[in-house]
Amino acid sequence: MRVRSILSVGIVVFFGLLTLAGYFIPFKPLVDLGGGLLYIAVFLSSIALLVGVINLSRIHLRKAARGGPGAGYSMVLFVSLWVTFLVVFFAIIQGKDVITIWIVRNIQLPLEASLSALVVFALLVGGVRLLYRRRDAVAFFFLGAALIVLFAAIPLPSLLEEWLKGPDYYRQMLASVFLSVASGGGRGILLGMALGAAATGLRILMGSDRPYER
Amino acid sequence: MADLRCPMCGKPNPADSEACKYCGARLKPVHAGDSKPPAAAPKSGPEEADWMSDLRGDMMRNRPKTSMLPPEPPAPPPPSDKWLSKIDARGGKESKPAAPASKQKATREPAPVPPPKKAAEPSEDWLSKIRPHARKESPLIPPSASPPAQSAPVPGAAAEPPEWLSKVRNQTSADRPPAAPEEDKGAEEPIWLKRLRARRTQDELAPAAPPQPEAEPAAPGELPEWLSRIREKTSEDTGQIDADDQSLFSSPLSPATPAPPPQTSDSPWGIAAPPQEPRTVEPATPQEPQGAVPDWLKYASEGNRQSAVEPPLGSTDWMGGIASALEQTPPTPTAKPGEPPGRPSTGRLLDAQDSAEAKKGGSLRSAGLESAPPAPPIQPFSQTPIPQVPGDTPPTLETDWDFPSEAMPDFPLGQPAGDFTFPSISGAFNAGTEPEVSPAGEGEIPDWLVDIKKDGAPPAPSPQPGSPAAAPDINELLRADTLPEWMQRKGAAAPGGKEAGPGAAATTPDNLEQGELPRWLEAMRPIQSVTMPTEDEERVESVGPLAGLRGVLSAEPVVAIPRRPAILAGNIDASPAQLTLTETLRRLLIEPEVRASRKPVRAMLLMPLLRKAMSAVLILAIIFPFFGGSLFSNSGYQPEANKKAGLLVGELPADRPVLVAFEYDASAAPEIETGASALLEHLAQRGIQVAFISSQPNGTMLGEGLRLLNEEQGIGMPPLIANFGYVPGGAGGLRRLAGNLRETVNGSNVDWTQGSLAAVNSLSDFSMILVLAASPQSVRDWVEQVHTTAPNTPIVAMVSAASDALVFPYTEGSKPAIWGLVAGYAGAQAYRAAFLPATLATSGVAAMRWQSFAGGTLAILITLVAGVIGSLALGRFRKPRKVGE
Amino acid sequence: MNQIEVIGGMALGFFFTVAILSYLLLDDNLLFRLGAYTLVGVSAGYLMAVMLSSVMLNQYLIPLLGSPIQKLPILILLMVLGLMLFGRLDPRGSSLALIPMAFLVGVGAAVVVGGSLTGTFLPQAVAAAEPSLLPSNPGGNLDILAMLENWCVLIGTLTTLAYFHFSARPRGGAEPVRPPGIAQIAQVGKFFLAITLGALYAGALLSALAILVERIYFVVQTLIIFSTGGMG
């Protein structure tokens with residue numbers, strides 16, 4: 001058990017630092033070596049995705065076989081998974097992208113787009129109830145920013161466009177300034193995200209964090 | 001000279017010894033016809049003949065069953081006991097027959113007391129009256145009790161009466177040998193005392209044999225022969241217990257009449273022990289004689305009544321034994337197994353067989369019990385089975401000699417009570433710790449008794465192996481095996497009876513009923529409700545310096561960690577009424593908390609309605625252009641980054657292709673494809689070739705589909721020179737793509753020699769990278785992995801409106817990573833309006849969609865404003881919630 | 001693409017769209033669940049097919065098998081590591097997958113660290129410091145609007161970054177708080193963060209609205225086409 005742990009940590013540290021060196025040291029052999037490691041890692045990531053899908057299929061098959069509530073839905077998932085796999089696999093092998101496109105645009109797109117469309121209702125209800133549930137400065141700033149962005153996004157009424165083009169300048173100015181102010185916060189968020197990602201990655205490279213052993 | 005082995009302790013003694021020098025037991029049993037005169041019976045005055053005879057009878061009946069009497073070294077009576085000698089003198093004159101009572105208890109004195117003189121004539125009347133009454137009513141007399149067979153009785157033998165008994169009967173029919181004169185023991189010991197000592201319970205002596213059928217039951221109204229003999233003798237004697245009488249008190253197996261107990265001060269029972277309180281059927285209170293009677297004699301008389309609440313007759317008489325123990329009568333050594341019987345002075349434990357026989361006999365024990373079988377007719381020396389103690393056959397105290405089973409209590413002082421029953425003598429001496437009585441009148445053993453001894457007395461029931469030779473003490477009396485049936489536990493008797501559980505069918509005595517636990521009590525029975533959890537050896541430590549290691553001992557033991565038990569002790573068998581009450585109580589307790597957390601009814605009804613109302617408003621605003629026409633202008637606000645994107649595309653060289661990365665999935669396709677279409681149209685307008693690529697699995701398929709859809713709709717699309725397909729690995733794949741383009745996309749069947757693709761070796765050879773992304777992460781990946789490798793290749797991003805704020809910072813700075821940014825549907829419309837005004841739809845589906853989008857945006861704005869106003873207004877009338885609620 | 005495929009696709013798209021949008025009226029219902037489970041199954045199946053065909057076959061196995069013998073060890077290594085990774089499917093074989101998983105995590109962590117530091121952190125830090133705090137207009141005068149904008153951006157950047165400082169000293173049983181200076185700066189950053197999140201919220205609304213509009217138009221178009229019996 002201990003040997004296994006040491007081995008895994010050693011693999012992580014060695015190959016990770018080797019790959020990271022290619023980012024900062026412009027040494028071509030090092031960069032090429034990093035590319036080679038990425039080549040293997042990409043292949044393994046594909047295998048990992050396969051393992052995940054196979055596990056999903058196995059779980060739902062068991063659930064469907066066991067019966068009980070939700071067994072029918074699990075069977076629907078299982079059947080749709082393997083039917084889609086077979087169709088798309090052979091379509092790609094044979095180079096018939098039309099079939100793949102058809103599946104993507106007539107099955108995946110309607111389903112996923114409809115789910116995304118439902119989000120607007122949830123967001124709207126949440127926004128309406130925000131001040132009812134929480135009445136503080138942060139909530140006011142939040143809603144105020146949202147209202148400004150929405151206001152700036154509405155096109156001018158076509159009938160009043162000619163008269164409102166002049167005042168519309170101020171609206172655009174307000175939006176521009178607001179966007180700049182918002183970008184400051186956005187930059188702070190980006191910086192925070194970058195620092196957090198770097199810190200997490202460094203913890204893994206130092207062996208402090210071992211998510212692969214879970 | 002051969003040594004004599006003590007029948008009690010088994011130790012060798014000189015041949016000429018009368019008593020064992022170790023335990024004091026008699027070595028030589030008393031035989032019938034022994035020349036030794038019995039101990040002088042106490043002689044009483046003529047004026048006290050009646051009460052004395054009664055006393056003797058009482059004493060014989062009340063004799064404790066436990067053989068707690070010490071060994072009986074022959075000792076003269078203390079000369080100082082003048083009163084005792086007087087009593088003896090008086091008793092000796094009496095002609096009261098020392099009839100063996102049903103509960104005659106063996107005294108401790110091994111030496112048989114010479115049979116007292118028969119009582120005067122008046123006693124015969126009461127005896128004759130008693131006899132038929134006893135035969136009618138005595139439940140203790142085993143029904144199967146029968147006159148002993150002529151053959152020698154064998155312990156455990158079932159069929160025939162013992163031989164000795166038959167001989168007794170035969171002999172009684174013949175001329176009775178002259179009774180040996182009662183040895184005057186006046187100086188030494190009163191005769192009545194000797195009789196007491198010589199008494200043996202018939203139960204102790206009788207073998208554990210099945211009830212013997214009576215061969216010669218006495219005729220109704222006729223005295224049994226033995227009794228008649230006793231009468232004859234006592235009528236002649238003056239209180240001495242003759243041999244026949246002695247036979248009543250002595251074991252027929254006794255080889256010799258034991259010597260009277262020495263009346264010395266050293267003798268623990270030199271002083272006459274107070275009469276034992278009988279615990280069996282007792283005769284009625286005899287008439288108290290005139291004059292002063294010692295209390296102990298009164299007690300002996302009055303206490304001889306049978307009490308209905310007393311333990312069953314014939315039981316082990318542990319109470320009597322306890323009483324005897326309390327009187328500090330030393331125990332009498334019991335015979336060891338295998339020892340020749342005939343130690344009448346000792347009490348032995350009956351073995352199981354004896355107990356079984358006794359139980360079957362059900363003689364004295366059943367006295368007073370409703371279900372007691374009727375007692376057999378009283379027979380002299382009948383081997384009446386001793387009532388058996390229920391349960392495991394506990395050893396019961398036996399006597400060395402058999403005693404006439406028939407209980408012919410001696411009622412010299414009067415008729416017995418009406419409800420008096422005459423239990424058999426076997427029951428009287430059954431399973432008890434009666435002190436043995438030394439055979440009375442060793443010198444006056446009747447001939448029948450002698451014959452019995454010659455023929456070999458039936459072996460007395462052997463005591464249990466290992467049973468103590470000494471008379472049981474109080475602890476022994478309280479042993480489970482010596483306890484009476486009603487005192488014994490039900491489960492202790494059966495093997496593993498306690499472990500049988502409530503469901504076990506425990507044998508209950510007849511007088512007890514199976515108790516039922518109430519349901520609430522039974523539900524409280526503890527059960528194994530918690531399984532002890534075990535520590536997981538494969539647990540990985542997650543904190544501390546040992547983080548990541550397996551098999552680390554936990555700081556807290558597994559058992560100390562609170563957890564929900566795997567097995568709940570909730571297996572309560574509750575009635576429906578109880579469940580209902582429990583549920584009501586639960587609701588009463590929980591309801592307030594639920595009510596507190598529950599929203600008001602009004603809000604509960606309003607929220608779904610509010611949600612549906614908002615949805616309806618939004619959908620109406622969206623479909624309004626179907627009916628209302630165009631209300632809004634065709635474009636909106638165009639940010640600076642949007643303009644930069646257009647300007648950049650307008651300045652791209654036409655000979656270098658543009659890499660278009662489709663980094664969105666199907667969920668964002670309707671929004672992204674509006675901007676993607678505009679940008680692709682702009683590229684098509686410029687005549688710039690494009691290559692498709694994607695780090696999403698279905699990205700290129702979406703791109704291909706968009707291109708085909710636009711072509712079908714007549715929308716100009718740029719020429720596609722290559723579809724690099726799917727690049728796996730996310731950021732790592734892009735990093736690899738940035739490092740080596742051709743090697744990364746070699747599986748996509750790309751013809752690198754075609755057109756402008758021949759000059760493309762890396763990403764930097766593209767004029768622009770157009771990233772169509774729905775999420776900011778995809779843009780970041782392209783910026784972080786590709787831009788650092790190809791910093792001179794501008795990146796233009798078309799993103800979702802939701803990602804605008806997070807992607808916009810990449811557009812700022814002197815060397816921005818993203819040169820142009822088109823965000824959302826509005827941005828795409830603004831871009832088209834700015835750079836593709838000809839393509840800007842003013843009618844048709846595209847125009848209607850813009851109108852719908854604008855109307856929906858306005859509806860959302862109005863809804864939010866209304867919500868803010870309403871919240872502010874409602875907040876004035878309700879308590880505002882704190883932050884974090 | 002012939003009309004059958006188009007009409008069939010439209011019908012299927014119409015069915016799934018209505019199934020998902022039925023949530024508005026009926027909440028969680030059979031149609032909605034059918035649509036959700038179908039989406040997961042189709043997406044997973046498509047992903048697996050693409051991985052197997054486009055990636056493993058087309059990009060790795062076929063090229064390696066057709067490559068010179070010198071690349072055979074790479075192929076063997078890939079096969080061995082890939083098979084070891086399949087041990088994740090069984091708890092008993094999870095230890096076997098430790099080595100490829102460790103390799104994957106190590107290389108991925110390096111990519112993330114390198115990219116975030118070189119692609120986001122450094123450029124954004126430079127970009128935040130670049131704007132002049134006293135900008136001048138083309139006329140050489142102080143551009144107040146630009147100055148305000150630059151100052152807002154800078155202050156917003158710093159205060160928002162300070163808000164993400166979650167280190168605090170323990171104070172016994174009391175609630176831990178940030179260091180004194182950081183706490184005040186974080187309070188200002190909280191408002192900038194609220195503005196940014198408000199803008200993001202509005203953008204999400206607009207994005208979802210655009211998708212909703214497209215879906216509604218699709219449903220209406222499909223109904224019109226089916227009701228009119230043809231495509232115009």
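**Exercise 1. Find what share of the contacts in chain B between residues at least 6 apart in sequence join residues at least 24 apart.**

Step 1. Fix the criterion: two residues are in contact if their C-beta atoms, placed from the backbone, lie within 7 Å.
Step 2. Take the contacts in chain B between residues at least 6 apart; 86% of them join residues at least 24 apart.
Step 3. Add the context. This is a predicted model; local features need pLDDT of at least 70, side-chain atom pairs count only at pLDDT 80 or more, and totals for chains, interfaces and linings use all residues. Residues are numbered from 1 along each chain as its sequence is written, while chains are lettered from A and ligands numbered from 1 in the order in which they are written.
Step 4. Chain B has 27 helices and 10 strands. These are DSSP runs, numbered from the N terminus: helices are H or I with at least four residues, strands E with at least two.

**Exercise 2. Decide whether Leu772(B) is buried or exposed, and place it.**

Step 1. Apply the cut-offs: buried means 20 or more other C-beta atoms within 10 Å of a residue's own, exposed 12 or fewer, partly exposed in between, with C-beta atoms placed from the backbone.
Step 2. Leu772(B) has 30 C-beta neighbours inside 10 Å, so it is buried.
Step 3. Leu772(B) sits in strand S8 (residues 768–773) of chain B.
Step 4. Check a distant partner. Ala676(B) is 96 residues away along the chain, yet the two C-alpha atoms are separated by 6.8 Å. Leu772(B) also touches Ala676(B), and its other contacts include Val660(B), Phe662(B) and Met798(B).

**Exercise 3. Name the residues that touch the most other members of the largest nonpolar core.**

Step 1. A nonpolar core is a set of buried Ala, Val, Leu, Ile, Met, Phe, Trp, Tyr and Cys residues joined through C-beta atoms within 7 Å.
Step 2. The largest has 215 residues; Ile769(B), Leu770(B), Leu772(B) and Ala797(B) touch the most other members.
Step 3. Helix H7 (residues 180–228) of chain C gives the most to this core, 22 residues.
Step 4. Another core lies apart from it, with eight residues, among them Cys6(B), Cys9(B), Cys20(B) and Cys23(B).

**Exercise 4. Work out how exposed Asp27(C) is, and report its phi.**

Step 1. Asp27(C) lies in the loop between helix H2 (23–26) and helix H3 (30–65) of chain C.
Step 2. Asp27(C) is exposed because 9 other C-beta atoms lie within 10 Å.
Step 3. Phi of Asp27(C) is near 55°, a positive value in a residue other than glycine.
Step 4. Most residues other than glycine have a negative phi.

Technical notes. Lists of a residue's contacts leave out its neighbours within four places in sequence.
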